[in-house]
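I opened this model to look up strand pairing, aromatic pairs and confidence. My notes follow in the order in which I checked things.

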Amino acid sequence: MAWDFLTVISGSNPRVAVDLPAVPTEEPAPTTRDRWRMLWLLAGAAGDVLELGCGGGLLLRDALAVGASATGIDHSEEMVELAQQRAPGARVVLGRAESLPFADDEFAAVAMSAVFFFLDDPEGVLRECRRV
């Protein structure tokens with residue numbers, strides 16, 4: 001059994017990091033229920049939402065479906081291409097979470113799912129999330 005967790009950085013004042021409880025799943029990717037729970041948190045965000053480690057773009061697609069403006073970043077060229085196909089209304093870029101290629105305060109919220117525990121410098125990534 002894999003463990004999945006969701007982390008959201010809110011752009012509201014003051015900025016808040018929310019760690020949702022670990023959710024046991026039979027698959028390594030978040031379940032539909034988990035994605036919708038994250039979208040519920042993001043729904044109050046006014047502005048663009050950034051997903052770190054967007055993978056194949058499923059959350060980006062769901063974010064667009066609820067009217068969010070979405071941007072995704074992934075370190076894999078193959079995943080960026082797949083996300084662009086699955087979520088054609090989203091901006092999807094190739095890059096690393098440790099050094100986000102975005103301006104300060106560009107996003108209303110930053111989300112990641114099943115990504116945090118793969119990071120070499122999670123604190124540095126959280127600082128980058130707060131910056132953007």
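I started at Asp74, which stands opposite Leu94 in S7. The model is a predicted one, so I kept the confidence values at hand. Strand S6, residues 69-74, runs parallel to strand S7, residues 91-94, and I found 4 bridges joining them. I then followed the chain from S6 to S7: the path goes through helix H3 (residues 77-86), and this β-α-β crossover is right-handed.

Next I searched the whole structure for aromatic pairs and got 2. One of them is Phe102 with Phe107, an edge-to-face pair with 5.0 Å from centre to centre and 90 degrees between the planes. I looked up burial as well: Phe102 and Phe107 are both buried. For Phe117 and Phe118 I noted ring centres 4.8 Å apart and planes at 50 degrees, so I entered this pair as tilted. Phe117 has a relative accessible area of 45%, so I put it down as partly exposed. Phe118 comes to 62% and is therefore exposed, the cut-off being over 50%.

Last, I went through the confidence. The average pLDDT of the protein is 75, and 65% of the residues score at least 70. Among the elements, S7 has the highest mean pLDDT, 98, and strand S1 (residues 2-4) the lowest, 35. Over residues 1-28 pLDDT stays under 50, and there the model has 76 contacts beyond four places in sequence. I did not go further into these contacts, because predicted coordinates should not be read in detail where pLDDT is low.

Terms used:
Residues are numbered from 1 along each chain as its sequence is written. This is a predicted model: local features need pLDDT of at least 70, side-chain atom pairs count only at pLDDT 80 or more; totals for chains, interfaces and linings use all residues. Side-chain values use heavy atoms; hydrogens and water are left out. Rings of Phe, Tyr and Trp (its six-membered ring) pair if their centres lie within 6.5 Å; planes under 30 degrees apart count as stacked, over 60 as edge-to-face and the rest as tilted. Buried means under 20% relative accessible area, exposed over 50%, partly exposed in between (1.4 Å probe, protein chains only). Two strands pair if DSSP finds at least two bridges between them. Helices (H or I, at least four residues) and strands (E, at least two) are DSSP runs, numbered from the N terminus. A crossover is right-handed if, with the strands pointing away from the viewer, the path from the first strand over the helix to the second runs clockwise. pLDDT is the predictor's confidence in each residue, from 0 to 100. Contact means heavy atoms within 4.5 Å.
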